[in-house]
Amino acid sequence: MINKFNLDEILSINCDECFGLCCVALYFSKSEGFPTDKEADKPCVHLNDDFRCKVHEDLKSKGLKGCIAYDCFGAGQKVAESTYKRESWRDNPNKRKEIFDVFVVMRQLYEMLWYLKEAYRINKDEAMRNNIETEILEIIALTDMDGKSLLDIDIKEYRKKVNPLLLTTSESLRKRNYKSSNSKVKRSRMIAGRLDLMGANLRNRNLVGEDFSGALLIEADLRKSDLSYVDVLGADFRDADLSGANLEKAIYLTQGQVNSAKGDSNTKLPKSLKRPRHW
Ligand code: SF4
């Protein structure tokens with residue numbers, strides 16, 4: 001049933017079809033790699049009248065890591081093209097707040113869809129795949145609702161259904177592959193419930209089957225390491241060095257995570273992700 005949707009395409013950013021929603025609707029701060037401290041509902045100083053970013057080609061040289069890492073999973077073009085039929089927040093100031101609020105909801109729905117799409121792709125259990133497919137179809141139906149109805153969605157209720165599907169998929173894959181690992185990663189340091197591997201030397205290691213979900217891997221050295229079947233859902237890869245690392249079968253690796261890390265032409269990525277231009 002879900003084969004009729006080209007989910008890889010639907011769930012990829014296409015800024016040309018959006019009206020700069022992430023660059024206006026969201027709060028962001030300079031310390032997180034954005035141009036300035038900005039309140040939600042204010043256009044970024046670099047946003048052009050045609051909704052293009054004036055410094056798009058220079059994000060890396062300007063150190064705008066927050067912009068490079070941000071991924072709306074395609075929610076921006078969905079809101080612009082489908083929900084509001086290309087009527088932008090500039091065309092209709094009365095709907096401005098609604099459009100921005102809808103974008104925040106849509107982004108969460110698209111994020112769930114992206115992870116479910118990955119879980120469906122890597123899970124070989126037929127019953128589980130059916131459950132995942134049912135959830136994907138349910139969320140796709142939500143994304144087609146009008147703006148006001150989207151704002152009434154209880155996102156938490158959907159997360160309660162989605163998260164166990166993601167977790168079960170990850171656990172079964174990792175369990176099947178963990179025995180080949182010799183990583184022995186120390187898991188003693190935690191920050192706010194997240195595994196702290198900031199700056200860790202994990203170079204040239206067999207990390208197969210590890211659970212790095214939510215881990216802080218900022219500036220970690222992962223050069224030439226094997227991250228096959230490693231769950232990296234929500235892990236923070238900012239400035240982690242992935243040069244020569246194998247992430248082809250990493251579980252739940254997103255484009256945003258890849259964009260925020262360092263890498264090179266020898267880094268192996270899943271087919272659905274693009275090699276960042278700055279690598
Ligand atoms: S610098 Fe460009 S990509 Fe970043 S928020 Fe501003 S307009 Fe958007």
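A search of the whole structure finds eight aromatic pairs, where rings of Phe, Tyr and Trp (the six-membered ring of Trp) pair if their centres lie within 6.5 Å, and planes under 30 degrees apart count as stacked, over 60 as edge-to-face and the rest as tilted. One of them joins F73 and W114: the ring centres are 5.9 Å apart and the planes stand at 45°, so the pair is tilted.

Before I continue, a word on the model. This is a predicted model, in which local features need pLDDT of at least 70 and side-chain atom pairs count only at pLDDT 80 or more, while totals for chains, interfaces and linings use all residues. Residues are numbered from 1 along each chain as its sequence is written, and side-chain values use heavy atoms, with hydrogens and water left out.

To return to the rings: F73 sits in the loop between α3 (65–69) and α4, whereas W114 belongs to helix α5, so the pair ties together parts that are 41 residues apart in sequence. Helices here are DSSP runs of H or I with at least four residues, strands are runs of E with at least two, and both are numbered from the N terminus. Both F73 and W114 are buried, where buried means under 20% relative accessible area, exposed over 50%, and partly exposed in between, with a 1.4 Å probe and protein chains only.

F73 has a further partner. The ring centres of F73 and Y115 lie 6.4 Å apart with the planes at 55°, so this pair is also tilted. With F73 in the loop between α3 and α4 and Y115 in helix α5, the pair ties together parts that are 42 residues apart in sequence. Y115 is buried, as is F73. Elsewhere, ring pairs link F19, F51, W89 and F100 into a cluster.

Let me now turn to helix α4, which follows the loop that holds F73. How many of the nine residues of helix α4 are buried? Seven are, so this helix, residues 75–83, is largely enclosed by the rest of the structure. The buried residues are A75, G76, Q77, K78, V79, A80 and T83. What covers the buried residues of α4? The cover includes α1 (7–10), α5 (96–122), α6 (126–143) and α7 (147–151), with contact meaning heavy atoms within 4.5 Å. Just after α4, K85 adopts a positive phi of about 45°.

I shall now place these details in the chain as a whole. The chain contains nine helices and two strands. Read from the N terminus, the order of the elements is α-α-α-α-α-α-α-α-β-β-α. The radius of gyration is 19 Å, close to the 19 Å that the globule rule gives for 279 residues, so the chain is as compact as a globular protein of that length. That radius is taken over C-alpha atoms, and the rule is 2.2 Å times the number of residues to the power 0.38. Along its principal axes, the C-alpha trace spans about 60 × 45 × 35 Å.

Of the 279 residues, 51% are buried. Among contacts with a separation of 6 or more, 46% are between residues 24 or more positions apart. The accessible surface comes to about 14,300 Å², and carbon and sulfur atoms contribute 49% of that surface; accessible areas come from the Shrake-Rupley method with a 1.4 Å probe, and for residues only the protein chains shown count as cover.

I close with the region around the two strands and the loop beyond them. A192 is in the loop between β1 (190–191) and β2, and its relative accessibility of 78% makes A192 exposed. A192 and L59 are 133 residues apart in sequence, and their C-alpha atoms are 30 Å apart in space.

The loop between β2 (194–195) and α9 (255–260) holds R205, and N204 is found there too. Is R205 buried, partly exposed or exposed? At 25% relative accessibility, R205 counts as partly exposed. The C-alpha atom of R205 is separated by 29 Å from that of G63, which is 142 residues away along the chain. N204 has a positive phi of about 55° although it is not a glycine, and at 57% relative accessibility N204 counts as exposed. E219 is likewise in the loop between β2 and α9. Phi of E219 is near 60°, again a positive value in a residue other than glycine, and E219 is exposed at 53% relative accessibility.
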